[in-house]
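This report is an introduction for a reader who has not met this structure before. Please look over the sequence and the model first, then read on.

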Amino acid sequence: MSLLQESEASRYKRMAAERAVELIQSGTVVGLGSGSTSALVVHRLAALLGEGKLKDVVGVPTSLETESLARSLGVPLTTLEEHPFLALTIDGADEVDPALNLIKGGGGALLREKIVAQASQREIIVVDESKLSPQLGTRWPVPVEVLPFGWNSQALYLEGLGARVVRREAHDGAPYRTDQGNFILDCAFGPIARPAELAAKLEARAGVVEHGLFIGITSELIIAGPKGVEHRRPSG
Ligand SMILES: O=C[C@H](O)[C@H](O)[C@H](O)COP(=O)(O)O
């Protein structure tokens, strides 16, 4: 990808993030997603709070990284313990299929993201158009969060389901650890014909804590690209 293309992708992410923040109302509790697009959401929210255009908005962060960013920008935070029901969450995605099913977890935050999403009345997903895909698995592996205990046995199970499995590494070459201290196995299945069936197989396995398939969770998708910003809802 050239520098020009990179800056375009960033611009589209910003456009999608800014449109999504327009959906936030004063006096509400909102879920704050993780990743680079969600970071733009947090920046925009902080700016609107600072200008007084939004008031009394409190966020529930989906990762330690988002928590730290929000704190640094002065966005007030709370927890799901205090606010178990959220009006809306704004989060990014790695891959989006035509039914608005997702692969998430490129940044390792899938578990907290899914917990916050299921507590939210509306799950708003913000992406640049490069995330759109004809079939999940075409562009991105499925991140599977596993307990370190017996992790290799889960890797073999996942290979048995047809995946090429790579245990994610941190920058120093040590195993990557999620915010919960677990490992991530990145599972390249190739295009996934029936993602709900695969999700059920992953959920049936002890030692698998969570997976990055978000099936039927998206309420609204905000996509930005060269033609501007588009707002989609799942059909049917
Ligand atoms: O674990 C990370 C999250 O699922 C992110 O929302 C996802 O990876 C998209 O991140 P980005 O907006 O940086 O592409």
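The text below goes through the sheets, the helices, the ligand surroundings and a few loop residues.

The model is a predicted one.

## The four-stranded sheet

Four strands make up an open sheet with antiparallel pairing, and their order across the sheet is 8-9-7-10. Strand 8 (164-167) and strand 10 (208-211) are the edge strands; each has a single partner strand, so one side of each has no neighbour in the sheet. On average, and with direction ignored, neighbouring strands in this sheet are turned by 30° against each other.

Strand 7 (residues 142-146) and strand 10 run antiparallel and are joined by three bridges. V146 has V208 of strand 10 opposite.

Two helices are associated with these strands. Helix 4 (residues 110-118) packs on the sheet, where it touches strand 7 and strand 10, and its direction makes about 70° with that of strand 10. Helix 5 (residues 151-160) lies across strand 7, strand 8, strand 9 (183-188) and strand 10. The angle between helix 5 and strand 9 is about 15°.

## The three-stranded sheet and the hairpin

A further open sheet holds three strands in the order 4-5-11, with antiparallel pairing. Strand 4 and strand 11 (213-214) are its edge strands, and each of them pairs on one side only. Strand 4 is joined to strand 5 by two bridges, and these two strands run antiparallel. E95 stands opposite I103, a residue of strand 5.

Strand 12 (residues 220-225) and strand 13 (residues 228-232) also run antiparallel, and five bridges join them. I222 has H231 in strand 13 as its bridge partner. The connection from strand 12 to strand 13 is a hairpin through two residues.

The bridge counts for three of the strand pairs are set out here.

| Strand pair | Bridges | Direction |
|---|---|---|
| Strand 7 and strand 10 | three bridges | antiparallel |
| Strand 4 and strand 5 | two bridges | antiparallel |
| Strand 12 and strand 13 | five bridges | antiparallel |

## Helix 3 and its two faces

Which residues of helix 3 (residues 64-73) are buried? They are T66, E67 and A70. These residues cover an arc of only 105° around the axis, so they are on the same side of helix 3. An α-helix has 3.6 residues a turn, so residues three or four places apart point the same way.

The buried residues of helix 3 are covered by parts that include strand 1 (29-32), helix 2 and strand 2. On the face turned away from the buried side, helix 3 carries the exposed residues S68 and S72. G74 comes just after helix 3 and takes a positive phi of about 80°.

## Around the ligand

How many residues surround the ligand? There are 18, and the closest are G35, T37, G92, G106 and G107. Helix 2 (36-50) and helix 4 each supply at least two residues of this shell. The largest share, three residues, comes from helix 2. By type, the shell divides into three nonpolar, 11 polar and four charged residues. Helix 4 thus appears in two settings: it supplies residues to the ligand shell, and it packs on the four-stranded sheet.

## Three loop residues

D56 lies in the loop between helix 2 and strand 2 (58-61). Its phi is near 55°, a positive value in a residue other than glycine. Is D56 buried or exposed? D56 is exposed, because 11 other C-beta atoms lie within 10 Å, and a residue with 12 or fewer counts as exposed.

L100 lies in the loop between strand 4 (95-96) and strand 5 (102-103). L100 also is not a glycine, and its phi is positive at about 70°. L100 is buried, because it has 21 other C-beta atoms within 10 Å, and the cut-off for buried is 20 or more.

H171 belongs to the loop between strand 8 and strand 9. With 6 other C-beta atoms within 10 Å, H171 is exposed. From C-alpha to C-alpha, H171 and N182 are 16 Å apart in space, and they are 11 residues apart in sequence.

Terms used:
Residues are numbered from 1 along each chain as its sequence is written. This is a predicted model: local features need pLDDT of at least 70, side-chain atom pairs count only at pLDDT 80 or more; totals for chains, interfaces and linings use all residues. Two strands pair if DSSP finds at least two bridges between them. Axes are lines fitted to C-alpha atoms, for helices over the stretch in contact, and angles run from 0 to 180 degrees between N-to-C directions. Two residues are in contact if their C-beta atoms, placed from the backbone, lie within 7 Å. A residue is near a molecule or strand if its C-beta atom, placed from the backbone, lies within 6 Å of it. Ala, Val, Leu, Ile, Met, Phe, Trp, Tyr, Cys and Pro count as nonpolar, Asp, Glu, Lys and Arg as charged, and the others, Gly among them, as polar. The arc is that of the directions from the helix axis to the C-beta atoms.
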